[in-house]
Amino acid sequence: MRQLDHSQNNEQASTQQSGKQPAYVNEQHALLAAIVNSSDDAIISSDLSGNILSWNHAAEILFGYTATAIYQRPFASLFPAGQLPDHLSLIKLMQQGASIGHFETMRRCQDGTELPVALTISAMRDEGDNIIGLSLIARDFSVGYRIAARLTQSERHFRQVVDAAPNAMVMIDRRGLIEMVNSQAETIFGYTRTELLGKPLEILIPSRFQRHHPSLRTGYFANPISRVMGRGRELYGLRKDGTEFPVEIGLNPIETADGIKVLSAIVDITERKRQEERFRLVVEAAPNAMVMIDSRGMIEMVNAQTEHLFGYPRAELLGQPMEMLIPARFRSQHPDLRAQYFTSPSTRAMGSGRDLFGLHKDGSEFQIEIGLNPIQTADGLKVLSAIVDISERKRFTDELSRRNQELNNFAYVASHDLKSPLRGVDQLATWLTEDLAGKIDDETNEHLRLMRMRIKRMERLLDDLLLYFRAGQLGGAVEHIDFADLVRDVFELCCPDQSFRLELQGEFPRCHTHKVPLELVFRNLMSNAIKHHDTKKGCIVVRSMPNEQWLEFSVSDDGPGIPAKHTERVFAMFQTLRPRDEVEGSGMGLAIIKKTIESLGGSIRLSANQPRGAVFNFTWPRNMAEAL
């Protein structure tokens, strides 16, 4: 190196004598120019007047001017007004020994756009340390600036979103150290943010789970996906005070400049667990068998009644398909029916109109009714089924139907077969009266009259008996009727001599109903009012009082009334309050109309009228088509 220096000194001396530049100097200048021109930074020089003298390739790219176009133009034109001091002020600062290092400002490109730039300004000096110009080095950081600004803004926004989240949010790095928490995390765990940041996540996990957590975390970082943590397991968090609480955790991988982080959304499910336990206790205490399934048909919950009804212990049912409780001949249809129900879930009876059967563990079948109830849970829609064994009820219903049919048959036979001998006796009594006219005394005539009257009463009793057993079966075609006209027509039949007066009160409906049973009710009530009146004239008032659910009517009279002690007795069969020889009647009329009204879902009651008389109030279905 020293030899290189000696030769260079000799060359310099020779050059000074000859006035020519040595070759190595030209080579150095060429190398320096190449370096300057290949720099990624814009390198610009100016004279003391601030006019540009040199301009490298990076400057062309950064500002958009060619070297020829910008030569001898003031460098101040490259920057918006007010961004830099003028060149004289810069030179004065340099002369005073001040330095203008790296700073950020804005540049103006040839097309007029203004973009951020990093700028360094220094003085160019000659061998005598005199300032001969200025050197400007400009670095483009517009792309980096935008990215950094965007990243900074995104990070700010991300932190704001995390902090505003309704659930606890905790972000950790690959080592399991906490890098971010929100205010909800402080609330549910009881730590301040300062106490959590930089700490291992294990401080929030009960000690019995801490040993396994690092390996689980490593496994997650090896395959990071958004998912629920510990599906199917009970998860718990640990508060600062040492208490534990059940949690649900959602894991979300986050790509950052420092690598993958994991953001955990943590939900305290203490209240939900408490509600689930209450729900479980209610289900367990239910008097019916209760079975809850998921959308796949897997059994998730049963109660003690289910164990008793189907003969399986609970452990043999949980996690098994519902089809194990269904007879084999119905199993193939059940998945499709279940899928349809989950598509349109509603609280309803299952299989309306069909006979449903359950399958006992011993293989025996029994008839059931099932109520379906959709239940929304954190794990999605479930269906809770209430199952009732109706085997005994069906046997009782079938037996009752059989006996009712026998009773109806008996009533029909009795009504028709007993009438024949009665008619024969009546005929004999009539012949005796006709053949012995004028030959028998008045007492014998009276006995024959009473005989024929009682025969007629017996025939009426048999007719009413048959009508009573058929009361619940009365119907006929549904007709659109005017209730007021029907009442007037019935009254005219009951009182053709117009000795009584009819008064209608209220607004009578016009709607569809079964005319025959309604006529039967009004005819019995009005004929009773006339028949049991203590005078030959009176007034019957029929009042209409419809409401949203029912049509309500009252039939009142101004007769002697009925004592309060007989208000229930009058609706019983074969009951009359006066001797039958005084008033014709079988004692079946009110029993018939009571059965008729109640068979339609209505009711009838008796109350006193003021100042005298009786009032019968009854309700009639508003929609007769639904009632029947």
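**Exercise 1. Backbone angles in two loops**

Task: State where Asp129 lies, and give its phi.

Solution. Asp129 belongs to the loop that joins β4 (114–125) and β5 (131–140). In this predicted model, the phi of Asp129 is near 65°, a positive value in a residue other than glycine. For comparison with the general pattern, most residues other than glycine have a negative phi.

Task: Determine in which loop Gln72 is placed and whether Gln72 is buried, partly exposed or exposed.

Solution. Step one is location: Gln72 is in the loop between α4 (67–70) and α5 (87–95). Step two is the backbone: Gln72, although not a glycine, has a positive phi of about 70°. Step three is accessibility. Partly exposed covers values between 20% and 50%, so Gln72, at 36% relative accessibility, counts as partly exposed.

Task: Classify Asp86 by accessibility and give its C-alpha separation from Gly50.

Solution. Asp86 is also found in the loop between α4 and α5. Its relative accessible area is 44%, and Asp86 is therefore partly exposed. Asp86 and Gly50 are 36 residues apart along the chain, and their C-alpha atoms are separated by 8.3 Å.

**Exercise 2. The chain as a whole**

Task: Describe the chain by its secondary structure, burial, contacts and surface.

Solution. Begin with the elements: the chain has 22 helices and 24 strands. Next, take burial: of the 628 residues, 37% are buried. Then consider contacts between residues at least 6 apart in sequence: 52% of these join residues at least 24 apart. Finally, the chain exposes about 36,700 Å², of which carbon and sulfur atoms supply 52%.

**Exercise 3. The largest nonpolar core**

Task: Identify the residues that touch the most other members of the largest nonpolar core, and the elements that contribute to this core.

Solution. The largest nonpolar core has 36 residues, and Phe483, Phe522, Met526, Phe618 and Trp620 touch the most other members. Two or more residues come from each of α19 (483–494), α20, β21 (538–544), β22 (550–557), α21 (589–599), β23 (604–608) and β24 (614–621). Another core, of 24 residues, lies apart from it and includes Ile52, Ala59, Leu134 and Leu136. As a general background, nonpolar side chains in soluble globular proteins tend to be buried together.

Task: Follow Phe483 through its contacts and its aromatic cluster.

Solution. Beyond its neighbours within four places in sequence, Phe483 is in contact with Phe508, Pro509, Cys511, Thr513, Leu518, Leu551, Phe553 and Trp620. Phe483 also forms one aromatic cluster with Phe508, Phe522, Phe553 and Phe618. The structure holds 13 aromatic pairs.

Task: Compare the span of helix α20 with the expected value, and name buried residues in α20.

Solution. Helix α20 (residues 515–531) has 17 residues. From first C-alpha to last, α20 reaches 24 Å, close to the 24 Å expected at 1.5 Å a residue. The buried residues of α20 include the core members Phe522 and Met526. Also buried in α20 are Pro517, Leu518, Leu520 and Val521, among others. Polar residues are represented in this buried set by Asn524 and Asn528.

Task: Decide whether Glu552 is buried or exposed, and list its contacts.

Solution. Glu552 is in strand β22. The cut-off for buried is under 20% relative accessible area, so Glu552, at 17% relative accessibility, counts as buried. With neighbours within four places left aside, Glu552 is in contact with Arg543, Ser544, Met545, Pro546, Asn547, Arg605, Asn617, Phe618 and Thr619. Among these contacts, Phe618 is also a member of the aromatic cluster.

**Exercise 4. Charges over rings, and two further sites**

Task: Name the rings over which Arg208 and Arg329 lie.

Solution. Arg208 lies over the face of Tyr236, at 5.5 Å from the ring centre. For Arg329, the charged end sits over the ring of Phe357, 5.4 Å from its centre.

Task: Place Gly250 and Ser183 in their elements and give their contacts.

Solution. Gly250 lies in strand β10 (residues 244–256) and touches Arg227, Val228, Leu263, Ser264 and Ala265, not counting residues up to four places away. The C-alpha atoms of Gly250 and Met229 are separated by 5.8 Å, with their positions 21 residues apart along the chain. Ser183 is in helix α7 (residues 183–189). At 29% relative accessibility, Ser183 counts as partly exposed. With residues up to four places away not counted, Ser183 touches Asp163 and Arg193.

How values were computed: Residues are numbered from 1 along each chain as its sequence is written. This is a predicted model: local features need pLDDT of at least 70, side-chain atom pairs count only at pLDDT 80 or more; totals for chains, interfaces and linings use all residues. Side-chain values use heavy atoms; hydrogens and water are left out. Helices (H or I, at least four residues) and strands (E, at least two) are DSSP runs, numbered from the N terminus. Buried means under 20% relative accessible area, exposed over 50%, partly exposed in between (1.4 Å probe, protein chains only). Contact means heavy atoms within 4.5 Å. Accessible areas come from the Shrake-Rupley method with a 1.4 Å probe; for residues, only the protein chains shown count as cover. Rings of Phe, Tyr and Trp (its six-membered ring) pair if their centres lie within 6.5 Å; planes under 30 degrees apart count as stacked, over 60 as edge-to-face and the rest as tilted. A charge sits over a ring if NZ of Lys or CZ of Arg is within 6 Å of the ring centre and within 35 degrees of the ring normal. The expected span of a helix is 1.5 Å times one less than its number of residues. A nonpolar core is a set of buried Ala, Val, Leu, Ile, Met, Phe, Trp, Tyr and Cys residues joined through side-chain atoms within 4.5 Å.
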